[in-house]
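Subject: Structure handover and what was found in it

Dear colleague,

I am passing on a structure to you with this email, and below it I have written out what was found. Please keep the 3D view open while you read, so that you can look up each place in turn.

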Amino acid sequence: MKFNTELLHSGFESDKATGATLTPIYQVSAFAHESPEVLEKIFNNKTPGFAYSRISNPTVDSFERRIASLERGIGAVACSSGMAAVTMSLLNILQSGDEVIAGAGLFGGTIDLFGDLQAFGITTHFVDHVCTDEIEPLITEKTKAIFAELIGNPALDIVDIKNVAALAHRHGIPLIIDSTTATPCLIHPIKYGADIVVHSSSKYINGSGDAISGVIIDSGNFKWDTDRYKGFEEYKKLGKFAYLAKLRNGMWRNVGCCLAPMNAFLNAIGLETMGLRVERLCENALQLAQFLDTYEGIEVNYPALPKSPYYSLAQQLLGGKGGAILTIRAGSKDRAFKLMNNLKIPLIATNIGDVRTLVIHPASTIYVHSSEEKKVNAGVYNDTIRISVGIEDIDDLKEDFSQAIDKLKEE
Ligand SMILES: *Cc1c(COP(=O)(O)O)cnc(C)c1O
């Protein structure tokens, strides 16, 4: 199947009981069974079935199957948010004393999370560029995971995933890729060696900005050495399903960050049109980037522009597409704010992946608690505006940005 067909049909079965064309919203907490024997079997994973929606739910299960198939994984676990997915993907592996190597240009929430994990004895070393030259010197016996965003948000740096995965595997370390901004439309990170993939499905998978959620997909490829990953002892017998089984039966279930059935439903609907949306979003983003690049005093950062240092990786890995986010530098905070106030179409909001164009000034919002160094690493300056491009008609977007920039000159 090609991608758009897959989005509709891969890993999906219509509701057997009723023939409903979408998996309905099973808005219940618990599932009753005919005997204690049956419930015992369900609880002990001896028979398929549902017991309690924190642990599993048919609407959520259907969403997970579709995502797993789409990302070429052996299974997926859905979470209440992208941050929950990032957190669980790591805590399923890590224990006190362990170290992580991560990109410095990560999403602000993830950077902050690594700070929070310090209180539990987990130390993170950040690299400015997620490449083998910078990662290798930081690897020690304690390094238990390498974490990177395929396209950094908002740094818009692209990971040299093949080489980084090969390096990680030479040292017996799994590579976890947050592929939120790249989307399964542009790349399947597992094909390039990622062991675990996470998404904030609140973004491009959902598409309309109407439900927060996250997913963790396991490739099943990583061999968990139980001398290094002691927590895997009990799950080793499950072979390639060890990571997912540990997650489902352990940290994820006990923290209780399950996805609500209603949100799983909304995300499953979003998923079906993701191919069409992302195609349009990338086309709009490229056109807007090229257009804004012609303005003096406006500096554009977009990976699919030939001047970007990540242009060749975008060609190799993403089929020449650059995703739907670009950043511009307006010259000063004052000019950035004025430009944003002059815009008529984009909404001023802290989200990405919406069908509507959204703009934000990251330095005064998402990165307001970050150090100067962290901001610079994330490509966030006082004059930076992040644009999450929507599916509007590109001529309207160009005209709007054009009048907003022209007004700056008048002052
Ligand atoms: C938004 C985002 C997250 C966090 O997801 P939430 O659904 O907001 O919790 C994580 N990583 C990236 C790259 C994101 O853009």
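Which side chain has an N or O atom 2.7 Å from a nitrogen atom of the ligand? That side chain belongs to Asp 178, and please keep in mind that the distance, like everything else here, comes from a predicted model.

The ligand

Asp 178 is one of the residues that come nearest to the ligand, together with Met 83, Ser 200, Ser 202 and Lys 203, out of 14 residues around the ligand. Two of these also lie beside oxygen atoms of the ligand: a polar backbone atom of Met 83 is 2.8 Å from one oxygen atom, and for Lys 203 a polar side-chain atom lies 2.9 Å from an oxygen atom of the ligand. Taken alone, the ligand would expose 380 Å², and the protein buries 91% of that area. If you sort the surrounding shell by class, you will find four nonpolar, seven polar and three charged residues.

Helix α5

Helix α5 covers residues 108-117, and its buried residues are Gly 108, Thr 110, Ile 111, Leu 113, Phe 114 and Leu 117. When you look for what covers these buried residues, you will meet, among others, the helices α4 (82-91) and α15 (372-377), as well as the strands β2 (99-103), β3 (123-127) and β4 (143-149). As background for reading such a list, an α-helix has 3.6 residues a turn, so residues three or four places apart point the same way.

An open sheet

Five strands form an open sheet with mixed pairing, and their order is β8-β9-β12-β11-β10. The edges are taken by β8 (299-301) and β10 (347-348), and because each of them has a single partner strand, one side of each is left without a neighbour in the sheet. Within the sheet, β11 (residues 358-360) and β12 (residues 384-388) run antiparallel and are joined by three bridges, and Leu 358 has Ser 388 in β12 as its bridge partner.

His 188

Finally, His 188 sits in the loop between α8 (183-186) and β6 (196-200). Is this residue buried or exposed? His 188 is buried, since its relative accessible area is 9%, which falls under the 20% cut-off. Leaving aside residues up to four places away in sequence, His 188 touches Phe 3, Leu 70, Glu 71 and Arg 72, and a polar contact of 3.4 Å joins its side chain to that of Glu 71.

With best wishes

Key
Residues numbered from 1 in each chain as written. Predicted model: local features only at pLDDT ≥ 70, side-chain atom pairs only at ≥ 80, totals over all residues. Heavy atoms only, no water. Buried < 20%, exposed > 50% of the residue type's maximum accessible area, 1.4 Å probe, protein only. Helix = DSSP H or I, 4+ residues; strand = E, 2+ residues; numbered from the N terminus. Contact = heavy atoms within 4.5 Å. Near = heavy atom within 4 Å. Polar contact = N/O pair within 3.5 Å; in protein donor to acceptor, adjacent residues only side chain to side chain. Areas by Shrake-Rupley, 256 points an atom, 1.4 Å probe, with all protein chains shown as cover. Nonpolar A, V, L, I, M, F, W, Y, C, P; charged D, E, K, R; others polar. Pairing = 2+ DSSP bridges.
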